[in-house]
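Thanks for sending this one over. Here are my notes, set out as numbered points to read alongside the model.

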Amino acid sequence: MRPVRFPPVFAVALAAFAGPAAGAQTDAPPPDQPSRVSVERFAGGLANPWGMQFLPDGRILVTEKPGRLRIVSKAGKAGPAIGGVPEVFAKGQGGLLDVLLANDFGETGGDIYVSYSEPREGGAAATAVARGRLVLDTAGGGTLEGVATIFQQQPAIEGSTSHFGSRLVWASDGSLFVTTGDRGNAREEVQKPNSLIGKVIKLKPDGAAAAVTPAQPDWDAKIWSIGHRNIQGAAIDRATGQLWTVEHGARGGDELNRPLQGRNYGWPVISYSNEYFGGAIGVTAKEGLEQPVYYWVPSIATSGLAIYSGDLFPEWKGNMFVGGLRGAQLARLVLKDGAVVAEETLLQDLEQRIRDVRQGPDGALWLLTDDARDGQILRLTPAP
Ligand SMILES: [Ca+2]
């Protein structure tokens with residue numbers, strides 16, 4: 001089938017009508033050389049796997065949204081549920097979400113952090129982070145000991161099971177970034193400087209605010225940036241130490257952002273989204289509010305984010321990989337000088353919702369697919 005192209009004059013008119021504000025980009029062209037990728041089904045049968053981490057021995061620690069934490073062996077077999085995991089609010093988008101290892105995690109165990117939607121009083125819920133010591137056993141499992149909640153999003157929200165965020169990543173200074181969401185029905189909280197709804201949070205490993213003074217005079221000291229709708233992907237660019245995030249728009253308007261301390265990323269005042277029931281949300285640009293680096297219309301429903309730094313795919317170095325849920329794809333973004341110069345859509349033929357994206361210690365790209373009965377771990381290597 002021949003590609004459909006707009007006549008140049010029509011394309012210019014479209015750009016003038018719907019084009020991005022200065023700084024934001026969308027709809028980048030495909031790269032000159034398409035990627036050649038082999039996909040291996042490494043493990044399956046998981047229940048809505050959400051986040052994963054590689055243990056020092058090469059096994060994979062994986063969360064399942066209904067509330068289980070398990071270890072997948074090097075042969076791809078999932079072990080028993082790890083004991084001691086906090087109770088989660090396992091409804092809708094809520095449940096056990098991301099997992100992160102302490103940097104000194106060793107061969108026999110160590111501290112881990114989990115993010116989850118926490119049941120609160122009266123049927124309300126909010127995002128929380130707990131830390132515990134994972135003691136590994138010889139039966140392919142382990143136990144979480146000394147579990148303590150180090151972060152509780154405030155306020156808790158009633159009547160919603162959506163938009164809990166939440167990725168966990170280590171900042172280059174040893175602090176912990178936690179991404180959150182607007183809880184779906186609490187949009188009015190996002191621009192409030194003392195609410196922890198719709199924010200990027202930066203904590204010390206014990207949960208105290210990482211900042212000595214607030215990023216803005218009237219902000220809660222735990223807040224790094226504000227104005228976010230629902231961030232489910234975050235990664236640190238190891239070359240620059242910079243945080244990058246991806247967040248869901250409503251209908252259209254998913255965003256790639258480079259959140260800086262003290263900045264406002266605009267939701268719901270500015271957005272490239274439309275309401276699900278029709279009509280624009282706010283305007284697309286306003287002074288004092290940050291533009292996304294890149295955005296998607298229509299939405300691909302952005303989840304995990306990885307910045308590739310391995311040697312297995314030399315042509316992928318520095319590229320960003322974004323999991324698409326509704327878009328059932330892996331988006332590859334090629335950046336130059338901080339701007340997206342190409343976008344490649346990968347794995348659409350699999351028809352799988354991609355939840356998480358990680359670079360493995362082997363340099364392969366590892367993915368989680370979101371399915372209630374057969375959530376999979378996929379391993380991507382260069383095609384022969
Ligand atoms: Ca935004």
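**Notes on the fold**

1. Let me begin with a single pair of residues: Leu-101 has Ile-112 of strand 7 standing opposite. This is a predicted model, so please read each point below as a description of that prediction. The pair belongs to the contact between strand 6 and strand 7, which run antiparallel and are joined by four bridges.

2. What is the strand order of the open sheet that holds this pair? The order is 6-7-8-9, four strands with antiparallel pairing. At the edges are strand 6 (96–101) and strand 9 (142–152), each of which pairs on one side only. On average, neighbouring strands of this sheet are turned by 25 degrees against each other, direction ignored.

3. Within that sheet, strand 7 (residues 109–119) and strand 8 (residues 125–136) are joined by 11 bridges, again in the antiparallel sense. If you would like a place to look, find Gly-110, which has Leu-134 of strand 8 opposite.

4. Is strand 6 largely enclosed or largely open to the outside? Five of its six residues are buried, so strand 6 is largely enclosed by the rest of the structure. I would keep this beside its role as an edge strand, pairing on one side only.

5. A further open sheet deserves a look: four strands in the order 18-19-20-21, with antiparallel pairing. Its edge strands are strand 18 (302–307) and strand 21 (339–346), and each of them pairs on one side only. Neighbouring strands here are turned by 25 degrees against each other on average, with direction ignored.

6. Strand 20 (residues 329–336) runs antiparallel to strand 21, and seven bridges join the two. One of the bridge partnerships to check is that of Lys-336, whose partner in strand 21 is Ala-339.

7. Now for the protein as a whole. Its secondary structure amounts to one helix and 24 strands. The C-alpha trace spans about 65 × 55 × 35 Å along its principal axes. How does the radius of gyration sit against that of a compact globule? For 384 residues such a globule would be near 21 Å, and the protein has 20 Å, which agrees.

8. Two percentages round out the overall picture. Of the 384 residues, 45% count as buried. Among contacts between residues at least 6 apart in sequence, 57% join residues at least 24 apart.

9. The largest nonpolar core contains 90 residues, and Leu-305 and Leu-367 have the most contacts inside it. Strand 8 gives the most to this core, with seven residues. Leaving aside residues up to four places away in sequence, the residues that Leu-305 touches include Ala-234, Ala-235, Trp-244, Val-246, Met-320, Val-322 and Val-357.

10. Finally, take a moment over Val-169, which lies in strand 10 (residues 168–170). Why does Val-169 count as buried? There are 20 other C-beta atoms within 10 Å of Val-169, and the cut-off for a buried residue is 20 or more. Not counting residues up to four places away in sequence, Val-169 touches Phe-177, Ala-234, Ala-235 and Ile-236. Ala-234 and Ala-235 are also among the residues that Leu-305 touches. The C-alpha atoms of Val-169 and Tyr-113 are separated by 10.0 Å, with the two residues 56 apart along the chain.

Technical notes. Residues are numbered from 1 along each chain as its sequence is written. This is a predicted model: local features need pLDDT of at least 70, side-chain atom pairs count only at pLDDT 80 or more; totals for chains, interfaces and linings use all residues. Two strands pair if DSSP finds at least two bridges between them. Axes are lines fitted to C-alpha atoms, for helices over the stretch in contact, and angles run from 0 to 180 degrees between N-to-C directions. A residue is buried if 20 or more other C-beta atoms lie within 10 Å of its own, exposed if 12 or fewer, and partly exposed in between; C-beta atoms are placed from the backbone. The radius of gyration is taken over C-alpha atoms; the globule rule is 2.2 Å times the number of residues to the power 0.38. Two residues are in contact if their C-beta atoms, placed from the backbone, lie within 7 Å. A nonpolar core is a set of buried Ala, Val, Leu, Ile, Met, Phe, Trp, Tyr and Cys residues joined through C-beta atoms within 7 Å.
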